[in-house]
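Me: I am new to this structure and would like to go through it carefully, one question at a time. Please show it to me before we begin.

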Amino acid sequence: VERSRGLGDVYKRQILIFSIFVASIGLNVSSTAVVIGAMLISPLMGPIVGIGLSVAINDVETLRRSLVNLGIMVFLSVLTAYLYFELSPLTEETPELVARTYPTILDVLVAIFGGLGLIIAKTKSGTIASVIFGVAIATALMPPLCTVGYGLAIGNFQYAGGALYLFSINAVFIALSTFICLLYTSDAADE
């Protein structure tokens with residue numbers, strides 16, 4: 001079982017790297033459709049939901065694994081995007097890139113309600129795929145990490161910091177929404 005889990009992690013990381021390249025290209029040429037496609041490919045949502053789940057059920061081992069997986073995925077994402085933007089001949093700022101550098105309260109609300117929708121869909125029998133895809137698009141975990149790589153590649157640490165902040169907001173509020181929803185549903189089941 002451990003071996004198959006490790007192999008699954010390798011495949012998820014490969015998929016992650018490919019989705020980062022797709023998102024970076026989409027951001028680089030300001031193609032919303034390509035960026036959306038990358039968000040659908042990305043496996044980033046799994047460890048974030050795992051963090052909220054593990055806190056809700058008090059599972060320290062799952063929390064540890066989720067944090068390690070998320071850390072590795074974030075590192076690989078930023079590194080891949082950095083390498084792409086460092087080597088890309090297209091270095092012009094695009095609206096798609098700049099949009100990820102200044103988070104607002106609306107980004108927090110999207111992450112909260114997207115996370116709630118996601119976990120409700122996952123707790124019901126039969127996961128609703130359209131909800132998962134919608135949350136992946138709405139919360140936009142991938143583009144901010146690509147923008148961190150872009151900011152580092154061009155030496156604009158304000159862009160990199162703003163984009164990392166946006167990713168952090170999305171990740172924290174998706175995990176928090178997962179935690180709250182699971183507490184609510186487990187309390188309702190206990191009654």
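The questions and answers below go through confidence, helices, surface, salt bridges and loops.

Reply: Before we start, this is a predicted model, in which local features need pLDDT of at least 70 and side-chain atom pairs count only at pLDDT 80 or more, while totals for chains, interfaces and linings use all residues. Residues are numbered from 1 along each chain as its sequence is written, and side-chain values use heavy atoms, with hydrogens and water left out.

Me: In which helix of the chain is confidence lowest?

Reply: Confidence is given here as pLDDT, the predictor's own score for each residue, from 0 to 100. The chain averages a pLDDT of 84, and 86% of the residues score at least 70. Helices are DSSP runs (H or I, at least four residues), numbered from the N terminus. Among the elements of the chain, confidence is highest in helix α4 (residues 60–87), at a mean of 94, and lowest, at a mean of 69, in helix α7 (residues 129–139).

Me: How far apart are the end C-alpha atoms of helix α3?

Reply: The expected span of a helix is 1.5 Å times one less than its number of residues. For the 12 residues of helix α3 (residues 45–56) this rule gives 16 Å, and the model agrees, because the end C-alpha atoms of α3 are separated by 17 Å.

Me: How many of the residues of α3 are buried?

Reply: A residue is buried under 20% relative accessible area, exposed over 50% and partly exposed in between, as judged with a 1.4 Å probe and protein chains only. The buried residues of α3 include M45, P47, I48 and V49, and α3 is described as mostly covered, with the buried count at 9 of its 12 residues.

Me: Which residue with a positive phi follows α3?

Reply: The residue in question is found in the loop between α3 and α4, and at 65% relative accessibility it counts as exposed. Its phi is positive, at about 60°, although it is not a glycine. The residue that follows α3 is N58.

Me: How many of the residues of helix α8 are buried?

Reply: Helix α8 (residues 142–154) has 13 residues that should span 18 Å at 1.5 Å a residue, which agrees with the 19 Å between its end C-alpha atoms. Among its buried residues are M142, P143, P144 and L145, and C146 counts as buried because its relative accessibility is 0%. Just after α8, G155 takes a positive phi of about 75°. The helix is mostly covered, and its buried residues number 11 of 13.

Me: What area does the nonpolar surface patch have?

Reply: Patches are made of residues with over 30% relative accessible area and no salt bridge, with like charges joined within 9 Å and nonpolar side chains (Val, Leu, Ile, Met, Phe, Trp, Tyr) within 5 Å; accessible areas come from the Shrake-Rupley method with a 1.4 Å probe, and for residues only the protein chains shown count as cover. Helix α1 (residues 2–28) gives the most to this patch, with 3 residues, and I15, which lies in α1, counts as partly exposed because its relative accessibility is 37%. The patch is made by V10, Y11, I15 and I41, and its area is about 340 Å².

Me: Which residue forms a salt bridge with E61?

Reply: A salt bridge is a side-chain nitrogen of Lys or Arg within 4 Å of a carboxyl oxygen of Asp or Glu, and the structure holds 2 of them. E61 is partly exposed, with a relative accessible area of 39%, and its partner is 3 residues away in helix α4, so the two are separated by about one helical turn. The closest N and O atoms of the pair are 2.8 Å apart, and the partner of E61 is R64.

Me: Are R100 and E96, which meet in a salt bridge, buried or exposed?

Reply: The side chains of R100 and E96 meet with a distance of 2.8 Å from N to O. As for their cover, R100 and E96 are both buried.

Me: How many disulfides does the structure have?

Reply: A disulfide is a pair of cysteine sulfur atoms within 2.5 Å. C181 is buried, with a relative accessible area of 5%, but a search of the whole structure gives a disulfide count of 0.
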